[in-house]
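Grab a pencil and let's work through a few exercises together. Each one comes with a solution you can follow step by step.

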2 protein chains.
Amino acid sequence: MHLDPVAYVEGRLRVLDQRALPNQQIWLDLSTWQQAAEAIETMAVRGAPLIGVAAAYALAMAHKTGEINEAARALERTRPTAVNLFHAIRRVENAPDPLAEAHAIKNEEIAANQAIGNFGASLLAKPSTIITICSTGSLATPGIGTALGIIKTAFQKNLLKEAILLETRPRLQGLKLNAWELSQENIPFRVIADGAAAAFMSAHSVDMVAAGADRIAANGDTANKIGTLMLAIVSDTFKIPFVIAAPTSTIDSKIPSGEQIPIEQRAASEIVEIAQTRIAPENVRVWNPAFDVTPARLISHIVTERGVFAPPYDLGAIRSSAEK
Amino acid sequence: MHLDPVAYVEGRLRVLDQRALPNQQIWLDLSTWQQAAEAIETMAVRGAPLIGVAAAYALAMAHKTGEINEAARALERTRPTAVNLFHAIRRVENAPDPLAEAHAIKNEEIAANQAIGNFGASLLAKPSTIITICSTGSLATPGIGTALGIIKTAFQKNLLKEAILLETRPRLQGLKLNAWELSQENIPFRVIADGAAAAFMSAHSVDMVAAGADRIAANGDTANKIGTLMLAIVSDTFKIPFVIAAPTSTIDSKIPSGEQIPIEQRAASEIVEIAQTRIAPENVRVWNPAFDVTPARLISHIVTERGVFAPPYDLGAIRSSAEK
């Protein structure tokens, strides 16, 4: 897929507005770092690796106006969980040529996606049914994707029977974004309600469950889209390999375990309104964390661009060497 | 709650149209058994116990026009999973006075709800957090409800801290119906996305998970709303008691295990459209069973109007004696 959802062209950032998909393809033309920060905060740009790239370009834009420190602090406040954001900010802040560094981050992520796809597909022995959650393809990363990158690579290698997409409430990234992306590439898939994952596993043979990550602690505990923990638990019950696919830029070596990962709480409107329509009665209270943390013991493999890791995970050293 | 969602008044059936809730309270005025069958099939009336009551009155209406056999066969085709439907049809078909029998079924269900609420609340030792799925109150039964009846009874006895409602995709019965009903009664609750159940259990102390049932096999395997199996598995992981609440009219003594329960597949539109708005790209395929089957080994208790049962379940005899 040649989609480039965050492209820096002649001093401006051209961004595909994911909030409007799949019904409309709206491209935002961002000329200031403030606009870029807003695009991240309002989830026009989403997906941990893509957030990192967008933040890198935002800082490159801020550098030109002498606002790099102010911009860095503002960008840090946009989304608290995705660690790629903080890694990208630190790299660009400290780089002699911020724009060159932003380009480098993007190119590294594109290459990492390709490697993750190949490593992940290497875990499959035959045409496989793979369940996945959220949006983890070319709308969440600058390349082919992480978990969805494994699905695409498997398809190319005749190792995909069917992808099963969790619709992924509350924002329905599976139903809207993953479905749109796989439709574009004619890759076979079906969508299920999130709660139907266990029933699907009970009724069908499933070969792999693959999810992305927003932050991975040194011990392998992984923060990802709300629902991932549920999916990992039911995968364990049905003895299906549960794989986390992420670039090493998603590893936070400073955090020993998942307990230290900050979890973003989001607005009630994400639950009580759908498609601009009020669904719930008035005054309904909700609990709406954007992410949950899956303990490392439920993760069969962590697939990165540097290879496939198995438990017990000790990812601190991997990330530290990558940062050098 | 004095709501009476299926009321037989002077030869007509007055039914609250659950499809319009919570935004509108629309009452359907049904004067023929065919209209009543349609209300069941299109889910204006839903919930296994309430479907049974509506079918009983539909047959009483058909009796007056000499169409009872034809109506019975048509009603059997409306919803395949809820066994209360078949039990009610058999009782009214064989009764000397069909209308009296329909009234009797309704009154028995109202009394059963009350007993279920009391038996269920007796399992709680202190003010409790109870997670539940789908709609199981006065919109799913003719009385206070099954799982929601336990929550309401617990609230009255100062044994409820908070109810946590799964929104229950695809039709959002938790977000729309359970939330509306608890709001009416000022019972404290929050709504979560279905996939957030495991994360909620990980972050909070939960005392009970309670669900209703559409059909219970003799060995305790239980068909209920899609998502119930997921909820039972994560409850088991977090060592939270998982309770099925249902009248004995929901037990199918002729079916030894859950494998024999027919599962209704519903339209793709339930997934790809929400609030009359197309959410997914065109031509998206879905897998959309209305129910899943939870194995008896994951069910801590089955709470009926005849008492609380614990594994191993042998429910065939209980139901047989109830039918006499």
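**Exercise 1.** At what angle do helix H1 (residues 33-41) and helix H3 (residues 68-76) of chain A pack?

*Solution.* Keep in mind that this is a predicted model. Start with the axes: those of H1(A) and H3(A) are 10 Å apart, and the angle is about 10°. Angles under 35 degrees count as roughly parallel, so H1(A) and H3(A) are roughly parallel to each other. Next, look at who makes the contact: A:Trp33, A:Ala37 and A:Ile40 come from H1(A), while A:Glu70, A:Ala71, A:Ala74 and A:Leu75 come from H3(A). Sort these by class and you get six nonpolar, no polar and one charged residues.

**Exercise 2.** Work out whether A:Thr141 is buried or exposed, then find its partners.

*Solution.* First, find A:Thr141 in the loop between strand S4 (128-132) and helix H6 (147-156) of chain A. Its relative accessible area is 1%. Buried means under 20%, so A:Thr141 is buried. Now for its side chain: a polar contact of 2.8 Å joins it to the side chain of A:Asn113. A polar atom of the A:Thr141 side chain also lies 2.9 Å from the backbone oxygen of A:Gly137. Leaving aside neighbours within four places in sequence, the residues in contact with A:Thr141 include A:Pro5, A:Pro49 and A:Leu50.

**Exercise 3.** Do the same for A:Pro96: is it buried or exposed?

*Solution.* Look in the loop between helix H4 (83-93) and helix H5 (98-121) of chain A. The relative accessible area of A:Pro96 is 82%. Exposed means over 50%, so A:Pro96 is exposed. Finally, the C-alpha atoms of A:Pro96 and A:Met230 are separated by 44 Å, with the two residues 134 residues apart along the chain.

Note on methods:
Residues are numbered from 1 along each chain as its sequence is written. Chains are lettered from A and ligands numbered from 1 in the order in which they are written. This is a predicted model: local features need pLDDT of at least 70, side-chain atom pairs count only at pLDDT 80 or more; totals for chains, interfaces and linings use all residues. Side-chain values use heavy atoms; hydrogens and water are left out. Helices (H or I, at least four residues) and strands (E, at least two) are DSSP runs, numbered from the N terminus. Buried means under 20% relative accessible area, exposed over 50%, partly exposed in between (1.4 Å probe, protein chains only). A polar contact is a pair of N or O atoms within 3.5 Å; within protein, one must be able to donate a hydrogen and the other to accept it, and residues adjacent in sequence count only if both atoms are side-chain atoms. Contact means heavy atoms within 4.5 Å. Axes are lines fitted to C-alpha atoms, for helices over the stretch in contact, and angles run from 0 to 180 degrees between N-to-C directions. Angles under 35 degrees count as roughly parallel, over 145 as roughly antiparallel, 65 to 115 as roughly perpendicular and the rest as oblique. Ala, Val, Leu, Ile, Met, Phe, Trp, Tyr, Cys and Pro count as nonpolar, Asp, Glu, Lys and Arg as charged, and the others, Gly among them, as polar.
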